[in-house]
Amino acid sequence: MEIIRTENLTHRYGIGTPFEKTALDGVNISVREGEYVGVIGQTGSGKSTLISHLNAILKPTEGKVFVDGADLWSENKARRIETRFKVGLVFQYPEYQLFEETVYKDIAFGPKNMKLDEAEIDRRVRESLRFVGMGEDCLDKSPFDLSGGQKRRIAIAGVMALEPKVLILDEPAAGLDPKGRDEILSRIRDYHKETGSTVLLVSHSMEDIANNADSIIVMEGGRVRMHETVDAVFERADELIAMGLDIPQITKVFIDLREKGYDVRTDIYTIETAKREILSKLTGGASRD
Ligand SMILES: Nc1ncnc2c1ncn2[C@@H]1O[C@H](COP(=O)(O)OP(=O)(O)O)[C@@H](O)[C@H]1O
Ligand SMILES: [Mg+2]
């Protein structure tokens, strides 16, 4: 089942000013329910503008956005609000939006606004905290006493607590050290597996997406250049490089080998496939597993 669709989605900033800019230009995407989609593209390619349309923070200049079959900008206001609740958006650097005096209150803020009862709010706070891998001992602390990475996890938990059908995260690993990045990305992967909800993860790094996503949307200059499975996108690794995208280290190694004259595949992005490819070359094409 399709959960998100855009039709000719176009967005222009600063219409009628000297700074008018077409940030999205006729974007058509379709996302299946339960899918984990990576959205990749260089800075300025339109990723944030695209996802801001999916829960109606931005209104299309042209085109349409459908969530769970409903037009986000339909005339029926009640339906529109209900539809927006289906999409949870974690902004870039979401930790700047923490403001409550305790971690508990911060995560509970969204569910409270949804007018849920105390027991349900409590359940959601604890479950979301578990999803982001934090212990309950932090619940009574001030969010401002936590480390940067921990604050970010609390902010993500606050959106997970809305239990959206679609969770969208804009560069959730940006600015973290490699350990912090891996931690956040694996938590999001587990959340996806456990809840079965749809996840859209925006990044400018293929490394963040390759091992997690089912499919990848590649944006360039406000347009969708590719929307395919991870394997199919990696078969076009040379195009990704030409677009200036960061590809995984292991892919670079195989592209270098190819350039040096070795007859190897270049659509490799996991250590496991790399190992198999090398073994099969060493044994003359006969892979042993
Ligand atoms: N509020 C804004 N006003 C004017 N131009 C903007 C605004 N936000 C983004 N843009 C421009 O729109 C284009 C797409 O930006 P954005 O969606 O933020 O890309 P990305 O998230 O891929 O970096 C860029 O050229 C950017 O400068
Ligand atoms: Mg952005």
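The following paragraphs describe the domains, the sheet and the helix packing of a predicted model.

The protein is divided into two parts, with domain 1 covering residues 2-246 and domain 2 covering residues 248-289. The centres of these domains, taken over C-alpha atoms, are separated by 33 Å, and the contact between them brings eight residues of domain 1 together with seven residues of domain 2. On the side of domain 1 that touches domain 2, the elements giving two or more residues are helix 7 (206-210) and helix 8 (230-234), and helix 7 gives the most, with three residues. By class, the residues on this side of domain 1 comprise four nonpolar, one polar and three charged.

Six strands form an open sheet in the order 7-8-9-4-10-11, and their pairing is mixed. Strand 7 (87-90) and strand 11 stand at the edges with a single partner strand each, so one side of each of these strands has no neighbour in the sheet. From one strand to the next, the twist averages 15°. In general, the strands of a sheet pair through backbone hydrogen bonds, in either a parallel or an antiparallel sense, and the individual pairings of this sheet are described next.

At the edge formed by strand 7, this strand runs parallel to strand 8 (residues 166-170), to which four bridges join it. Within this pairing, Val-90 has Leu-169 in strand 8 as its bridge partner. Strand 4 (residues 36-41) and strand 10 (residues 215-220) also run parallel, and they are joined by five bridges; here Ile-40 is placed opposite Val-218 in strand 10. Strand 10 pairs in addition with strand 11 (residues 223-229), this time in the antiparallel sense and over six bridges, with Met-219 standing opposite Val-224 in strand 11. Strands 10 and 11 form a hairpin in which two residues lie between them, and Gly-221 in the turn has a positive phi of about 55°.

Helix 5 (residues 148-160) relates the sheet to the helix packing, as it lies across strand 7 and strand 8 and runs at about 170° to strand 7. Helix 5 also packs against helix 3 at an angle of about 35°, the two axes being 7 Å apart, and the crossing of these two helices is right-handed. In this contact, Val-103, Asp-106, Ile-107, Phe-109 and Gly-110 of helix 3 meet Ile-154, Ala-157, Gly-158 and Val-159 of helix 5. The residues that make up the contact divide into six nonpolar, two polar and one charged.

Helix 3 (residues 103-113) further approaches helix 4 (residues 118-131), their axes coming within 9 Å and crossing at roughly 125°. Because of this angle, helix 3 counts as oblique to helix 4. The crossing in which helix 3 passes helix 4 is right-handed. Helix 3 contributes Tyr-104, Ile-107, Ala-108, Pro-111 and Lys-112 to the contact, while helix 4 contributes Ile-121, Arg-124, Val-125, Ser-128 and Leu-129. When these residues are sorted by class, the contact of helix 3 with helix 4 has seven nonpolar, one polar and two charged residues. Ile-107 of helix 3 is thus listed in the contact with helix 4 and also in the contact with helix 5.

Definitions and conventions:
Residues numbered from 1 in each chain as written. Chains lettered and ligands numbered in written order. Predicted model: local features only at pLDDT ≥ 70, side-chain atom pairs only at ≥ 80, totals over all residues. Pairing = 2+ DSSP bridges. Axes fitted to C-alpha atoms, helices over the stretch in contact; angles between N-to-C directions. Parallel < 35°, antiparallel > 145°, perpendicular 65-115°, else oblique. Left-handed = near helix turned anticlockwise from the far one by under 90°. Contact = placed C-beta atoms within 7 Å. Nonpolar A, V, L, I, M, F, W, Y, C, P; charged D, E, K, R; others polar. Domains from an automatic or database assignment.
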